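Got your viewer open? Here's a short tour of what to select, stop by stop.

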Amino acid sequence: MAAQQKVICSLLIACFLFNAVLCDTIPSDETPEGDVAEGRTFGHHFLKRMSFAVVPGAFVVGVITTLLAALTVVSMKGLGVGVILLVLAIGQMLSRAIPTVQAAAYHAPAPVPVVYSHSHTQQPVWLEKEW
């Protein structure tokens with residue numbers, strides 16, 4: 001891997017040196033100095049073209065920002081639901097794994113009999129009422 005990096009770096013340096021040597025050998029009569037009044041890269045026409053491209057570019061950036069915000073909200077909602085489900089699952093696993101102490105069984109007292117009627121000739125009628 002190191003040998004490949006050395007070869008690539010040496011080839012890159014050789015290309016830069018070769019380019020510098022060739023640029024110096026261009027004759028000066030091929031480049032007229034009197035005709036060039038303004039640079040061709042950043043002139044009036046370039047700035048005019050760029051001003052036309054700014055509005056669609058800003059629109060695209062706005063759309064992308066809005067979509068990323070919506071995606072973030074939906075992702076955070078999904079993450080919240082996932083965390084809630086994870087907490088519930090861990091709680092269920094822990095409740096099943098940890099032994100619990102059984103409380104003593106509670107026995108309700110016997111129902112209190114209520115006398116409905118009392119006659120001397122027959123037995124009383126008992127109604128049981130649970131409180």
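The stops below go from the whole chain down to a single residue.

First, some ground rules: this is a predicted model, where local features need pLDDT of at least 70, side-chain atom pairs count only at pLDDT 80 or more, and totals for chains, interfaces and linings use all residues. Numbering starts from 1 along each chain as its sequence is written, and side-chain values use heavy atoms, with hydrogens and water left out.

**Whole chain.** Color by secondary structure and you'll find two helices and two strands, in the order α-α-β-β from the N terminus. Helices here are DSSP runs of H or I with at least four residues, strands are runs of E with at least two, and numbering goes from the N terminus. Now show the surface: about 12800 Å² is exposed, 70% of it from carbon and sulfur atoms (Shrake-Rupley, 1.4 Å probe; for residues, only the protein chains shown count as cover). Just 1% of the 131 residues count as buried (under 20% relative accessible area; exposed is over 50%, partly exposed in between).

**Residues 50-71 and 78-95.** The unreviewed UniProt entry lists both as "transmembrane region"; such annotations may be inferred rather than shown by experiment. Select 50-71: the span is 100% helix, with its end C-alpha atoms 31 Å apart. Residues 78-95 are also 100% helix, and there the end C-alpha atoms lie 26 Å apart.

**Residue L67.** Where does L67 sit? Zoom in on helix α2, residues 44-97. L67 has a relative accessible area of 57%, so it counts as exposed.

How values were computed:
Buried < 20%, exposed > 50% of the residue type's maximum accessible area, 1.4 Å probe, protein only.
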